[in-house]
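Thanks for coming. I will go through one protein, from its domains to its sheets and then to the spaces inside.

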Amino acid sequence: MTPLLVATDLDGTVVRPDGTISDRTVSAFALVEESGAEFVVATGRPPRLVAEIAGRFGDRGLAICSNGAYLYDMHTRTVVEEYAITTPDLAEAVARLRAAIPGIGIAVEHADRLVADSVYEPWEWDRGATIERADDATLLSLPAPKLLGRHPSLSADELLALAKPALEGLVAAYHSNGSRLVEAIAIGVNKAAALARLAARSGVAASDVIAFGDMPNDLPMLSWAGTAYGVANAHPDVLALVDHVIGSNSEDGVAVVLEQLYAKENSVVGE
């Protein structure tokens, strides 16, 4: 039987190194829906950066955004669910990060805005957002779907090694390969939890779900899904976990698998 639900990460998994999503990949996603199965995007991107590609998917389907903090309807382009770090936990998490990693800049990512301290350094993923510079009273005044910390020199792996023990039991720290960036969300919030809720609503068992990913923030989802695929360019931790290693994002590896699973006999999906 073909899988009943397909979940895929975006950046590094189906988004090519030049930032595009190929026609072949879009056509492969359409095959999934034409078969009657569900297609879900599961990404670390906030809703504002999923909105810009919703049209590429025909304005259909659901997106798990900000690593599970949001559920976003790509048809209506609206947030339908939000799971945030509480304000007391946010204040404590920021204090711990600053103590453990001197020089780190802090930002809070909301659905359509980014609020940051004076130290936080913007990067490509912050495109399309006007960064609101604020003091801590404003920065920490609202629940935070995602907490961000960027350092002037430490890599994402190095930051996570410092942040994870400092934030243990308070929030869940991870990284999705952002340059010198560590991220955190509420405990219990991740792509797997969001995907499990969606599957349960549709009566789909984990064994009937396949998932594709490339970074450590994909590990919970890849562990939960019945069958896990990692693209060849994935982080070593992903490659060590998945059931199958497939072609890289530049080779449309996800599309190749979906064509094999869902394309009708003798059908050809164009490049």
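What follows is a walk through the domains, the two sheets, a pocket and the cavities.

First, the ground rules. This is a predicted model, in which local features need pLDDT of at least 70, side-chain atom pairs count only at pLDDT 80 or more, and totals for chains, interfaces and linings use all residues. Residues are numbered from 1 along each chain as its sequence is written, and side-chain values use heavy atoms, with hydrogens and water left out.

Domains, then. The assignment gives domain 1 (5-82 + 189-262) and domain 2 (87-186); such bounds come from an automatic or database domain assignment. Taken over C-alpha atoms, the centres of domain 1 and domain 2 are separated by 24 Å. Their contact takes 19 residues from domain 1 and 18 residues from domain 2, where contact means heavy atoms within 4.5 Å.

Now the sheets. Helices (H or I, at least four residues) and strands (E, at least two) are DSSP runs, numbered from the N terminus. Two strands pair if DSSP finds at least two bridges between them.

One open sheet has 8 strands, in the order S5-S4-S3-S2-S1-S12-S13-S14, with mixed pairing. Which strands are at the edges? Strand S5 (78-82) and strand S14 (244-246), and each pairs on one side only. From one strand to the next, the twist averages 25 degrees. Angles here run from 0 to 180 degrees between N-to-C directions, and axes are lines fitted to C-alpha atoms, for helices over the stretch in contact.

At the S5 end, strand S4 (residues 70-73) and S5 pair in the antiparallel sense over 4 bridges. Tyr 70 has Glu 82 as its bridge partner in S5.

Two helices on this sheet deserve a mention. Helix H1 packs on it, touching strand S1 (5-8) and strand S2 (38-42), and the direction of H1 makes about 135 degrees with that of S2. Helix H6 (residues 191-202) also packs on the sheet; its contacts are S1, S2, strand S3 (62-65), S4, S5 and strand S12 (209-213), and its direction makes about 150 degrees with that of S3.

The other open sheet has 6 strands, ordered S8-S7-S6-S9-S11-S10, and again the pairing is mixed. Its edge strands are strand S8 (131-133) and S10, each pairing on one side only. Neighbouring strands are turned by 25 degrees against each other on average, direction ignored. Within this sheet, strand S6 (residues 105-109) and strand S7 (residues 114-116) pair in the antiparallel sense over 3 bridges. Val 108 has Val 115 as its bridge partner in S7.

On to the spaces. On a 1 Å grid over the protein atoms alone, a cavity is a set of points where a 1.4 Å probe fits but cannot get out, a pocket is an open set with protein on both sides within 12 Å along at least five of seven lines, and lining residues have an atom within 4 Å of a point. Grid points are joined across faces, edges and corners, and a volume is the space filled by probe spheres set on the points.

The second largest pocket holds about 340 Å³ of space. It has 19 lining residues, and the closest to its centre are Lys 164, Ala 172, Ala 173, Tyr 174 and Pro 220. Helix H5 (156-167), strand S10 (171-174) and helix H7 (219-224) each give two or more residues to the lining, and the largest share, 4 residues, comes from S10. Which domains does the lining draw on? At least three residues come from each of domain 1 and domain 2.

How many cavities of 30 Å³ or more are there? The count comes to 2. The largest has a volume of about 50 Å³ and is lined by Val 26, Phe 29, Ala 30, Glu 33, Phe 39, Phe 57 and Arg 60. Helix H1 (residues 23-34), met above on the sheet, gives the most to this lining, with 4 residues.

The second largest cavity has a volume of about 30 Å³. Its lining includes Leu 97, Gly 149, Ala 173 and Glu 183. Strand S9 (146-150) and strand S11 (181-186) each supply at least two residues of that lining.
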